[in-house]
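Me: I am new to this one. Please show me the structure, and then let me ask how each label is earned.

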Number of protein chains: 2
Amino acid sequence: MLDPLLFGEIDPPQRLLMGPGPVNAHPRVLRAMSADLLGQFDPEMTEYMNQVMALYRPVFGTANRWTMLVDGTARAGIEAALVSLIQPGETALVVNFGRFGLLLQEILTRIGARFETVDAPWGEVVPMEAIREAAIRHRPALICSVHGDTSTTMAQPLDGIGAIAKEVGALTYIDATATIGGMEIAADRWGVDVITGGLQKCLGGPSGSAPITISDAAADKIFARRHDEKGIRAADAVDGQGPRIGSNYFDLAMVMDYWGEKRLNHHTEATSMLYGARECARVALGEGLEARYRRHRAAGAAMSAGLRAMGLTLFGDDAHRMTNVTGVYIPDGVDGEAIRTAMRRDFEIEIGTAFGPLAGRIWRLGAMGYNAMKHKVLITLAALEACLNAQGCQTPMGAAVPAALAAWDDAQ
Amino acid sequence: MLDPLLFGEIDPPQRLLMGPGPVNAHPRVLRAMSADLLGQFDPEMTEYMNQVMALYRPVFGTANRWTMLVDGTARAGIEAALVSLIQPGETALVVNFGRFGLLLQEILTRIGARFETVDAPWGEVVPMEAIREAAIRHRPALICSVHGDTSTTMAQPLDGIGAIAKEVGALTYIDATATIGGMEIAADRWGVDVITGGLQKCLGGPSGSAPITISDAAADKIFARRHDEKGIRAADAVDGQGPRIGSNYFDLAMVMDYWGEKRLNHHTEATSMLYGARECARVALGEGLEARYRRHRAAGAAMSAGLRAMGLTLFGDDAHRMTNVTGVYIPDGVDGEAIRTAMRRDFEIEIGTAFGPLAGRIWRLGAMGYNAMKHKVLITLAALEACLNAQGCQTPMGAAVPAALAAWDDAQ
């Protein structure tokens with residue numbers, strides 16, 4: 001039995017997290033989170049909330065007024081978007097090319113919505129024309145897709161999806177958890193209504209806050225389902241005509257009314273996470289989004305080149321690879337978990353395992369946010385080479401690092 | 001238009017938060033949160049998760065195996081408990097004596113459950129015999145109550161509620177957001193199945209993590225509704241016979257399987273919040289729970305005595321007052337918001353406003369967690385006296401502080 005009085009102060013090992021996320025947080029983010037708290041409606045707190053809204057608009061590539069945070073992990077943002085956007089009985093079209101497309105379907109089922117899918121095998125993406133055909137066939141109320149699905153390391157192209165949605169009268173939702181801050185998010189150019197993200201990947205923060213942006217059209221649909229809870233509703237509150245949203249916590253009508261001028265007393269904003277989310281965006285905008293995306297591209301190119309120079313085979317379609325996480329086949333005869341353990345034990349580096357049909361078949365190597373850096377990619381490759389060869393899997397010694405270095409420089 | 005590139009680094013004013021929460025975090029908690037992150041399934045991370053489970057058992061007064069965190073604010077814990085515990089169509093009995101009793105009803109409505117209430121006017125609590133009668137009459141599947149409802153500053157007695165539930169075959173749920181760490185929580189002695197809390201009140205941490213404890217009986221009911229999502233389910237996974245839980249994020253079957261030996265890959269644990277939650281419990285257990293409850297009692301007694309010495313009238317039933325937040329009538333002719341503004345502007349002290357039927361009628365003064373300290377209560381009273389008199393509301397000058405000091409010493 002653990003004796004809690006014996007637990008010492010928090011003291012995690014200094015580990016380099018080069019998996020599919022979470023990754024190491026930027027030190028500025030952690031420092032920002034150590035600031036003391038404010039009252040929920042103190043003017044400085046609401047000003048910080050307004051700043052967060054302004055900071056995340058460029059990050060999402062949008063002018064949407066409703067750009068804010070959902071208090072929970074990235075998955076909380078996904079559920080908040082879906083439960084607020086789609087009504088029970090309505091049909092969604094899910095662009096399905098990995099584990100997180102399955103998650104969208106799962107959440108839709110739980111909230112009582114119907115769905116159809118347009119699918120690609122794991123390792124590929126769905127052609128835009130196939131999405132269009134499915135949309136015309138099924139006339140969904142919502143088209144939803146993951147942007148980058150870390151389970152397969154593929155990034156779904158999204159330019160044009162908004163036009164398809166418009167053609168069939170649908171709204172659109174994108175889960176950009178694994179790409180926000182690392183690959184371009186262009187809500188307005190894509191014509192996408194709602195996008196959610198997380199901090200723990202390319203934004204270089206901790207899990208626990210989900211940035212979200214909501215178009216005016218989506219906000220209209222959500223506000224039509226507004227039902228303020230009894231304990232906090234204004235005397236003159238008017239409920240929407242639509243059915244009540246199936247969750248109180250994820251009711252984006254109330255969340256918007258909390259972030260907006262009404263300052264509805266919904267949840268108590270997670271202040272430290274808000275400080276962290278604010279700093280994540282400040283770091284990203286300070287670097288410049290274009291420079292940041294280029295840095296992630298360089299890291300992905302370097303990782304890919306290094307792995308190939310070792311003689312390893314990458315997983316998935318080269319043309320639609322996420323820049324920030326790379327899947328690679330575990331060589332025949334190699335115990336993937338033994339290599340991961342050696343990487344962690346001897347080098348304090350974490351690389352990722354895989355899910356479902358890819359479990360035991362590929363590793364996933366990430367280079368995200370604060371870890372999308374040249375030296376971290378090079379160290380990871382050198383360590384992987386050492387671990388593979390130590391366990392009897394011969395690779396060309398010393399080949400990975402120079403190949404990665406050259407690829408980095410080419411991509412910059 | 002705000003220009004995000006002009007926002008400086010986080011720099012909140014040094015404000016003393018003496019409202020109904022959130023309050024200032026203990027510095028140790030904020031420092032713990034600045035530790036770097038770990039991979040989700042790194043052995044050190046899962047060890048920290050196990051430690052959190054061990055740390056929160058005494059805080060909840062329980063030996064429950066399933067004692068962990070829900071990633072979200074306190075309200076997320078409430079919704080997770082209700083959506084997982086009660087099935088659509090089942091009936092809950094809500095012990096209703098304030099705003100957060102209304103919230104329980106609201107959440108139950110959204111998840112498709114029925115409910116009956118047993119009510120007390122705001123400012124009173126519900127007699128145990130009335131709960132028993134209502135339970136026998138309605139034969140609910142779940143009896144649920146708030147412990148301390150900050151909207152009315154009342155604390156519902158809970159000794160005996162478990163026996164009533166047993167008598168009628170119900171499970172029990174308690175929202176202890178506002179009391180955990182400040183008033184005794186005795187899950188096992190009360191015979192309560194599920195209790196949730198938050199960090200931002202008497203535990204002296206930031207909002208954003210909701211500790212929860214779940215009895216084996218409740219876990220059995222929840223696991224009977226287990227439906228692992230497709231992308232992560234084991235090949236040999238067996239679904240429960242009960243209806244699927246209406247939320248993926250709040251599916252406590254999957255959350256338990258993530259915290260348990262299965263290590264199901266559900267959400268990505270909010271690592272920094274977990275570090276903070278861990279430190280909140282370490283601080284509480286290090287002080288000793290009995291000493292901590294005594295300190296909160298002393299703070300509440302001192303605040304009450306000081307307010308009365310000023311000639312003000314306390315709100316609500318003296319016998320069932322929360323120790324950590326005190327409601328007091330705004331004197332006739334005084335502009336409550338003007339006083340709150342003066343307190344903040346001149347003294348950097350925040351006191352609380354009120355909701356619903358009490359809006360504009362009472363202030364709520366908290367002394368919670370790191371702020372349940374003698375000097376902070378005295379400073380708050382002295383400042384309130386100064387602000388009232390400056391705005392023309394004459395009170396006996398200098399009376400509050402010595403009365404509070406005497407009451408503190410008596411209660412210690």
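Me: What makes the copies meet through the same surface?
Reply: 99% of the interface residues of chain A are also interface residues in chain B, so the copies meet through the same surface. The contact (heavy atoms within 4.5 Å) takes 89 residues from chain A and 88 residues from chain B. This is a predicted model: local features need pLDDT of at least 70, side-chain atom pairs count only at pLDDT 80 or more, and totals for chains, interfaces and linings use all residues. Residues are numbered from 1 along each chain as its sequence is written, chains are lettered from A and ligands numbered from 1 in the order in which they are written, and side-chain values use heavy atoms, with hydrogens and water left out.

Me: Why are the two copies said to be related as by a two-fold rotation axis?
Reply: Two copies of a chain are related by a rotation about an axis and a shift along it. Here chain A is laid on chain B by a turn of 180 degrees and a shift of 0.0 Å along the axis, with an RMSD of 0.0 Å. The superposition is by least squares on the C-alpha atoms of residues with pLDDT of at least 70 in both. The two copies are thus related as by a two-fold rotation axis. Of the residues of chain A, Gly72(A) comes closest to that axis, with its C-alpha at 2.3 Å.

Me: What area is buried between chain A and chain B?
Reply: About 7300 Å², with carbon and sulfur atoms giving 59%. Buried area is the accessible area (1.4 Å probe) that two parts lose on being put together, summed over both. Phe7(A), Ile10(A) and Arg110(A) supply 11% of what chain A buries against chain B, more than any other three residues.

Me: Why is the pair Arg110(B) and Asp251(A) called a salt bridge?
Reply: The term asks for a side-chain nitrogen of Lys or Arg within 4 Å of a carboxyl oxygen of Asp or Glu. The side chains of Arg110(B) and Asp251(A) meet at 2.5 Å, N to O, so the pair qualifies. The rule finds ten salt bridges across the interface of chain A and chain B.

Me: Which element gives the most to the side of chain A that touches chain B?
Reply: Helix 2 of chain A, with ten residues. Helices (H or I, at least four residues) and strands (E, at least two) are DSSP runs, numbered from the N terminus.

Me: How many salt bridges does the rule find between domain 1 and domain 2 of chain A?
Reply: Zero. The bounds, from an automatic or database domain assignment, are 27–285 for domain 1 and 289–411 for domain 2 of chain A. Their contact takes 31 residues from domain 1 and 22 residues from domain 2. The C-alpha centres of the two domains lie 30 Å apart. Together they bury about 2200 Å², 66% of it on carbon and sulfur atoms. Trp122(A), Thr153(A) and Cys202(A) supply 25% of the area domain 1 buries against domain 2, more than any other three residues.

Me: What makes Pro22(A) and Glu348(A) worth a look?
Reply: Most residues other than glycine have a negative phi, and most peptide bonds are trans. Gly21(A) and Pro22(A) are joined by a cis peptide bond, with omega about 5 degrees. Pro22(A) sits in the loop between strand 1 (16–17) and helix 1 of chain A. Glu348(A) has a positive phi, near 55 degrees. Its place is in the loop between helix 12 (336–347) and strand 12 (349–350) of chain A.
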